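Student: Could you take me on a close look at one part of this structure? I'd like to see how two of its chains meet, step by step.

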Amino acid sequence: MSDFPWLRIGWRNLGRNRKRTGLTALGLAVGFVASVFVVGWSEGLMVEMVESATSLVNGQIEIHDAEFRPDRSLYDTIGGREGTDVQALLRVIDGDASVVAAAPRVYAGGLVSSGEATSAGLFMGIDPARELELTRFLDQLVDGRLPVAGQNELLVGEEMARQLSTGVGDELVVVTSGADGSMANDLYTLVGIFRSGLTDLDATFAVMPIGDLQTLLVLPPNRVHEIAVATADPMVAEATAARLADLLPAVDPAIEVVPWTVLNPAMVDYVALADAMYFIIVGIVFGIAIFGVANSMLMATFERRREFAVMLALGATPRSVWAAVLSEGLAVGVVSLALGAVVAFPLMVWFHNAPPDMSRFLGSDVTIFGALLSPSLRVEYNVPFWFACATALIVTALLAALYPAIRAGRTPPADTLSGL
Amino acid sequence: MARCSGMTYRVVGLLVVGCLVMPRLVAAQTDPLEIMARVDRLLRGESSRGVAAMEVVTEHWDRQMTMELWSLGTDYSLVRLRAPQREAGTATLMAEDDIWNYLPKVDRTIKIPSSMMGGAWMGSHFTNDDLVKESQIIEDYDIEIAFEGDRENVAVWEFLLTPKPEAAIVWGHVEYQVRQDDYMPVWTKFYDEDGELSRTMTYSEFVEFDGRLVPAVMDMHPADKPGERTSIRYEELEFDIDIDQSFFSLRNLQDRR
Amino acid sequence: MAKTLMTLRSQPMQVGVILMLALRNLRRQLRRSILTASAMIIGGWLLLFTFSLGDGTHETWIDSGVRMSGGHVTVERPEFRRSRKIEDRLSADVRSTIERALEAPEIAAQVVAQSARLTINALASSPAGARPAQIIAVDPLAEAPFSMFDDQVLEGRYLEPDDRLAAYVGIGLVESLDLRLGSRFVVQAQDTAQDISGQLLRVVGIFQSGMPEADQTVIHIPIQTAGDWLGSDRDVTNVGVVLADSATVASVATHLERVLAEPIAHGDASVLEWRESNPALYAAVAIDNFGNYLVYGILFTIIAVGIVNTVLMSVLHRHREFGVLQALGLTPGQTGAIVLVEGLTLTAISGVIGVSLGLLTTWYFFGDGIDFSALIGEDMTFSGVVIDPIIVPMFRVSRLSQILVFILVIGAAASIYPARRAATIDTAEAMKFER
């Protein structure tokens, strides 16, 4: 006997008691929406954490001279003392499909002084145009504007500005050691103040155009310490890094192309941990829902015991009774899924594009593994997970119907029909 | 006979006094503390002024500088660069643990917290402590003679300096070689507590400045970086000059002379 | 039955009857009740256990966080936080006032550890070079129960009471300065006379906290050594306490503020709660709690839906019964009350069972905690604090009552609609039904 009559019977039975069906479907639908939403929110947090760690300042991939980490010596530029054709490297990198942006950087340690107050600082030479595409920390300056090359202009973080009691328009003295050993110093105008949200960054970094810093440090333009790369999705960083390592022309001494997963392995572990938790959540949610559905199905089958008795008396096998009940369960599942999907998708789209900001309730931003997390309810899409949830829902409905189905199959036809 | 006995008396008296004095003189000749105290005081005075050329050789660059230095006790010092041309006028003032830097290129003075002074003095292999010694060698070390005799036909002492139990010294021990005839140091070797040589300072070109015999050239060689060194050569040096605290002022710091 | 119904007018009997009817019906629909109850039992169990675990986790975070810094509550001079200079140390009077205040019985009962420290910035040098360092001068006996650094010994040992020139140094600093156990090194800082002064120290222990800033700059030395070195005798810059339960922070802080009212008014002292010194950690706890509330809100919505389903179904199946009861004198209100009581009883019993199971599980894991290191690993840092992978679930009466109330509210809310349906049954119409 084909299944089709059973499906129709299943559907029809749903209409028997709309309220009950509705409530049962509601339970499953809520479970579905909840799983999708909570996991979406959690993933939103993970993505934000990774993005924050990578697109705030660092980039998803960093290219350095192999000796550069961890000491970050002034002299360990890409290509060593001879430097390298930075533009050629950038061209190759820009050409890769997964790369969204790439920018060169120069670093040096030194002092920033407003005269009476002096702070130890880390100078970062950037290409402002490329940097804006790469990182976010300069997107919204607290005050002022980005520096223009050749004008001795400087940006500092909010915390350093506070420590130096200085503001936009003020003059700052910069002191550092040149690559030739000379005491490099010059006057700069503070043209802007940035706030990354990470206090350490805001207290230590002083940003200027890369050419200006190279001049100060007596470094030729072809010597840079780092090329930072942004990929469209942090998750493809590893593959992209491997590809770039092959594509880039050989540089002597050797360079390294490092994805963020190597630089921040703890974060990778945490993301994996969070992924594992999703299945636990789904398990719990649907584990709870199963009771409600089972209850419902039991009531339904109890009501229809006469019908089953008749079927069995007429020669239907218990198996076909099971099929009847299971198909009702399946039907409940499908309805719930439809209901859940109808609610979930608009909700997800809303929270993905215009998430409410929780900072009113929470106040400060959180840092985890050194990445900044701002408290918002942004959700991420995860289509494979949605399918998993849908499957879990249907499976729950079927499982819940299993026991009632078996019981129904065991309905004693004669006794039932005689009114017991 | 009375005149004779008077003379004799005097001679005997002299002899007696001489006998009393002689042992002490002889002892002073080989008293390690006394000798090291002399070595330590070589470049010290109540005050001093000097002109020196410093060459620093590192793995990445070579640098030559000429500077003028003034000091008053251990609390005040002023160093002003005369060369290279583009850095001439750069000056560092240390007054009672405040440190100020004047930068002529930008015509600004900045105050540097002492915590940022790190180890190296003006980018060289000397530390602040090497040049601005707060306390004296004999206060911080127990000193004994490890060798007395000839090295390459020069009569020298070699002293072993072991830090006193609570002295604020980073070295495990220090060795000095000092010439016996003029008390000039020949070299100093600094060892860590494992007995490994950390750096060597050599002294040469002994010249008289302002009536004092001093080594005009001092070289510092770090043991872990064989190609690197810092050499200081004094071209002028005067001691106990007429300056006081008021000389060590911010205004003087900025004086481009 | 009829006789009891006749006497319905009298209040106590009414209640008795309602209860009886409600309970009897639950028993009649045993399987249904049990299924619904099971969902609630599991829900209640999970809810209590998860929140206990969550509270335990947060308590661990907070505990770790405050032990790495100044404690749940810290007292220091207002300027000290920014300047970190020895001039901004606490005067001896203020310090003794603080210590007396902490001896008050109601406070002392809450305090797990208390440490007075002198914290200053210094330069550490060795034959290999010089590095900036943060010197924390402590009384080893007080500091050991307070701090976590003493447990993170990599080599050697923590400071001991008789130590004089001993230093407990982070692995990062040890490597930068090329030191070993027993190595000598010198620290220099500005003393109370404003002179730069040096002090010899020897490494007696090396620690690794997992936090780079601590490993690269922190040095613990005995407070007497600092006093001799800097001329500050036994003065300290801050006094901190670690409390048994972070819920008591506000009351301890208030008490201290009262006792220290005068020095605070003169600007000689300020009382800080961990919330103010570590706002990021506070936000982290809040976010995590929020996540939990979200998940459980959803779970219980599902359970509530199940309750509504069950109770409603039982109402709809007892049309005739309710009709009869009303014919016999039960008011609509009382009819509704029966259903409400049924729903509430179901919820209450299953809720209590679930919560009890949760309590049992919490208690079971209470002793040793649950080791999550397989999942979390040893190196997790959260808001600058290294997280201990062993989590001890924490029982809080406030949480328990919160959960019980929540469950009852859910039960009541779920039963309202069915109760109303029951109350609006038309007696005559009801007779048409079989049941």
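Tutor: Happy to! Between chain B and chain C there are 7 residue pairs in polar contact, counting pairs with both residues at pLDDT 80 or more; that cut-off applies since this is a predicted model. On the side of chain B that touches chain C, the residues divide into 7 nonpolar, 6 polar and 8 charged. With charged residues in view, let's turn to salt bridges: the count between chain B and chain C is 4. You can find one of them by looking for C:Arg164, which pairs with B:Glu166; their closest N and O atoms are 2.7 Å apart.

Now step back to the whole meeting place. Here 21 residues of chain B are in contact with 21 residues of chain C. Together the two chains bury an area of about 1500 Å², and carbon and sulfur atoms give 48% of that. Which three residues of chain B supply more of the area it buries against chain C than any other three? They are B:Asp97, B:Val170 and B:Glu193, which supply 34% of the area that chain B buries there. By the grouping used for these residues, B:Asp97 and B:Glu193 count as charged, while B:Val170 counts as nonpolar.

So much for the contact itself; here is a detail within chain B to look for next. At the N-terminal end of helix 2 of chain B, B:Asp31 acts as a cap, with a side-chain oxygen 3.1 Å from the backbone nitrogen of B:Leu33. Helix 2 covers residues 32-41, and its buried residues are B:Pro32, B:Ile35, B:Met36, B:Ala37, B:Val39 and B:Asp40.

Methods:
Residues numbered from 1 in each chain as written. Chains lettered and ligands numbered in written order. Predicted model: local features only at pLDDT ≥ 70, side-chain atom pairs only at ≥ 80, totals over all residues. Heavy atoms only, no water. Buried < 20%, exposed > 50% of the residue type's maximum accessible area, 1.4 Å probe, protein only. Helix = DSSP H or I, 4+ residues; strand = E, 2+ residues; numbered from the N terminus. Polar contact = N/O pair within 3.5 Å; in protein donor to acceptor, adjacent residues only side chain to side chain. Contact = heavy atoms within 4.5 Å. Buried area = accessible area lost by both parts, 1.4 Å probe. Salt bridge = Lys/Arg side-chain N within 4 Å of Asp/Glu carboxyl O.
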